[in-house]
Amino acid sequence: QDATRCSVVYLHEEDTSVDPPPQDAAPAPAASKDRRPKAPKGSRHELDQATIAAAAAAASMAKGKAKVTTTTTIATTTAKAKQAAAAGAKGKPVAAAAARAKPRVRVTTTSKEPSCQAGEGTCAATPTPGEPSLKEAPVPERALGLCDLELVPARALKEGAMTEGLRLMKNNEWNQLARLFCKALEFALSLDLDPQRLRNELGMKGMKHFTEFASLLHLATDSRLANLTHPAARRLRLLVRNGTQRAVKTTQKSGFHSLRDFDATSPRFRQDSMSYLRASWLLEQLAPSQGQATFKENIHRIKDDVIKHLSSRGPDQRLRFAHLMLEMGLIDVAEYRKLSQEAFPHSTMVLKRPIIWFLKYPDRPYDITHEVFALTANGKRSLAKGLADAGGERFGKAKDFFDYTWKTLSKLIATYMSAKEVRWDIVCELLECLTELGGRPRHSKLIRRVRELVVEQAANPDGSFGDYARMEDIMRAQRGPKYDVRIGGNLHTTLVCLEALLHSTSHSPSVTFVRAPKSDGDRLTTTVTSTAPKSDAQ
């Protein structure tokens, strides 16, 4: 309508009962509340374009009310009601028909007239507190599709959360993430990730790649994705259940728990020990009641061997082992601090490695990223807390370590992004580290730009990330004639890219941390704060 703008939010009924559509549904609702048709309690019906148009027509008729904002509840109409709705609707419908709409529609109307005119039924009074204003729910320039609408639980409406629902409609960042995760899990589920097959037939690190699959499943259970009611989020939950069942069945195969048969100094123990521990922790989160007894029994058998072999690992790996064993309850806090304090003096943070050192070999950037993962507990705590546990005060102040780490990560990202062929796996690990230090898109232009490029350039049509098909011949020459680049390359890159995108979203919570460096010409200064950084740290 020329004088009215409408926004439609589908209300998701939490009742699972399904009733047939009424045979004699009322026509399009009028302005009077007494004449509004009631939707059958607990029912679900399809909304079509005519029904939504009827809601728009009802909204236009409500202009004579004292308040600008009105809410109309309508039931799904029969053919007769559809004809009446079509006859009463003038102008364009506010939204296209939804494939799976719910039984009630909230229509919010806002008059464009500047003031009330007595007797003319037009008023621009201030909206009722708690109701969304026009600025919060602008009319889209194109017809809305199902993937553009945010489904809001009816309970949330009663609790006054409609404004939040409309905000999510306006910014569908999380819905886009749900779609990316859906496609990524479909890609991962298309792969045969049996560790023994990968090791024996393809000559690959079977346990490592199986754990990457389990990590992707666990990442997809993030509560911010799980709480979405978008169709992609519902599909995602189904894929996670299917993937978890497949992973549990894999762990029940003969030979999966054979790590205990290898000596702590053997290459096999060194290759699989971290992945085996992490697979156990991940599946305990995904399926706590399935197959954990076998895992725990075997892990307690190899715990002493794991600690014994740490002296042969790098400082970043020793820090990660210590944190993982603490999370799993294999060691206490005192033992964790002891192991961390033994490893930290050899870290890149203490030695202040220059950028050129990281670029000399392709695997060196992982040293600093894994140190950040361990010291921040994968972003669950501040870097300062991790440094305290590792005895960082012996070598410098927390803000100095933070400055060095943030600056090094940012320069490495800029370096790799300027390459002709971008290594998206390491770029996304570096981006993930910035988020674990507390950086968010609102703080850093670098984070915003990298996020855009990851989605635009790294994502593939099949749901994976990274371009490894062109490298298949090279990688097979280096790692074996049967090496599968989809598993060895795309799977890992998909995991780290989605992890970085998820944790660097605009509304992800930040931990207490040391503020990112403020740019002041060529000089960098820092301050310690308990809030998120407000500067564009590059």
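**Helix packing and two unusual loop residues**

His323 touches Tyr336, Ala374, Ala377 and Asn378, leaving aside residues up to four places away in sequence. In this predicted model, His323 belongs to helix 12, which spans residues 315–327. With a relative accessible area of 8%, His323 is buried, because that value is under the 20% cut-off.

One of the partners of His323, Ala377, deserves a closer look. Ala377 sits in the loop that links helix 16 (365–375) to helix 17 (383–389). Most residues other than glycine have a negative phi. Ala377, however, takes a positive phi of about 55 degrees although it is not a glycine. Its relative accessibility is 7%, so Ala377 counts as buried.

Lys352 offers a second case of this kind of backbone geometry: its phi is positive, at about 50 degrees, and it is not a glycine either. Lys352 is placed in the loop between helix 14 (348–351) and helix 15 (355–359). Here the relative accessibility is 37%, so Lys352 counts as partly exposed, whereas Ala377 counts as buried.

Stepping back to the whole chain, the model contains 22 helices and five strands. Of the 538 residues in the chain, 51% are buried. Among contacts between residues at least 6 apart in sequence, 76% join residues at least 24 apart.

Helix 6 (residues 195–202) gives a handy view of how helices are covered in this chain. Its buried residues are Pro195, Leu198, Arg199 and Leu202. Viewed down the axis of helix 6, these buried residues fall within an arc of 120 degrees, so they line one face of the helix. This pattern can be read against the general geometry: an α-helix has 3.6 residues a turn, so residues three or four places apart point the same way. The cover over the buried residues of helix 6 includes helix 7 (206–219), helix 9 (231–251), helix 10 (267–286) and helix 22 (485–503). Just after helix 6 comes Gly203, with a positive phi of about 70 degrees.

Among the helices that cover helix 6 are helix 7, helix 9 and helix 10, and helix 7 also packs against helix 10 and meets helix 9. Two packed helices are described by the angle between their axes and the distance between the axes. For helix 7 and helix 10, the angle is about 30 degrees and the axes are 9 Å apart. This angle makes helix 7 roughly parallel to helix 10, and the crossing is left-handed. On the helix 7 side, the contact is made by Met207, Lys208, Phe210, Thr211, Ala214, Ser215, Leu217 and His218. Helix 10 contributes Asp272, Ser275, Tyr276, Arg278, Ala279, Trp281, Leu282, Leu283, Gln285 and Leu286. Sorted by class, this contact has 10 nonpolar, five polar and three charged residues.

Helix 7 and helix 9 have axes that come within 10 Å and cross at roughly 150 degrees. The two helices are therefore roughly antiparallel to each other, and helix 7 passes helix 9 in a left-handed crossing. From helix 7, Phe210, Phe213 and Leu217 meet Leu239, Val240, Gly243, Thr244, Ala247, Thr250 and Thr251 of helix 9. By class, the contact has six nonpolar, four polar and no charged residues. Phe210 and Leu217 appear in the contact with helix 10 and also in the one with helix 9.

Definitions and conventions. Residues are numbered from 1 along each chain as its sequence is written. This is a predicted model: local features need pLDDT of at least 70, side-chain atom pairs count only at pLDDT 80 or more; totals for chains, interfaces and linings use all residues. Side-chain values use heavy atoms; hydrogens and water are left out. Buried means under 20% relative accessible area, exposed over 50%, partly exposed in between (1.4 Å probe, protein chains only). Helices (H or I, at least four residues) and strands (E, at least two) are DSSP runs, numbered from the N terminus. The arc is that of the directions from the helix axis to the C-beta atoms. Contact means heavy atoms within 4.5 Å. Axes are lines fitted to C-alpha atoms, for helices over the stretch in contact, and angles run from 0 to 180 degrees between N-to-C directions. Angles under 35 degrees count as roughly parallel, over 145 as roughly antiparallel, 65 to 115 as roughly perpendicular and the rest as oblique. A crossing is left-handed if the near helix is turned anticlockwise from the far one by less than a right angle, and right-handed if clockwise. Ala, Val, Leu, Ile, Met, Phe, Trp, Tyr, Cys and Pro count as nonpolar, Asp, Glu, Lys and Arg as charged, and the others, Gly among them, as polar.
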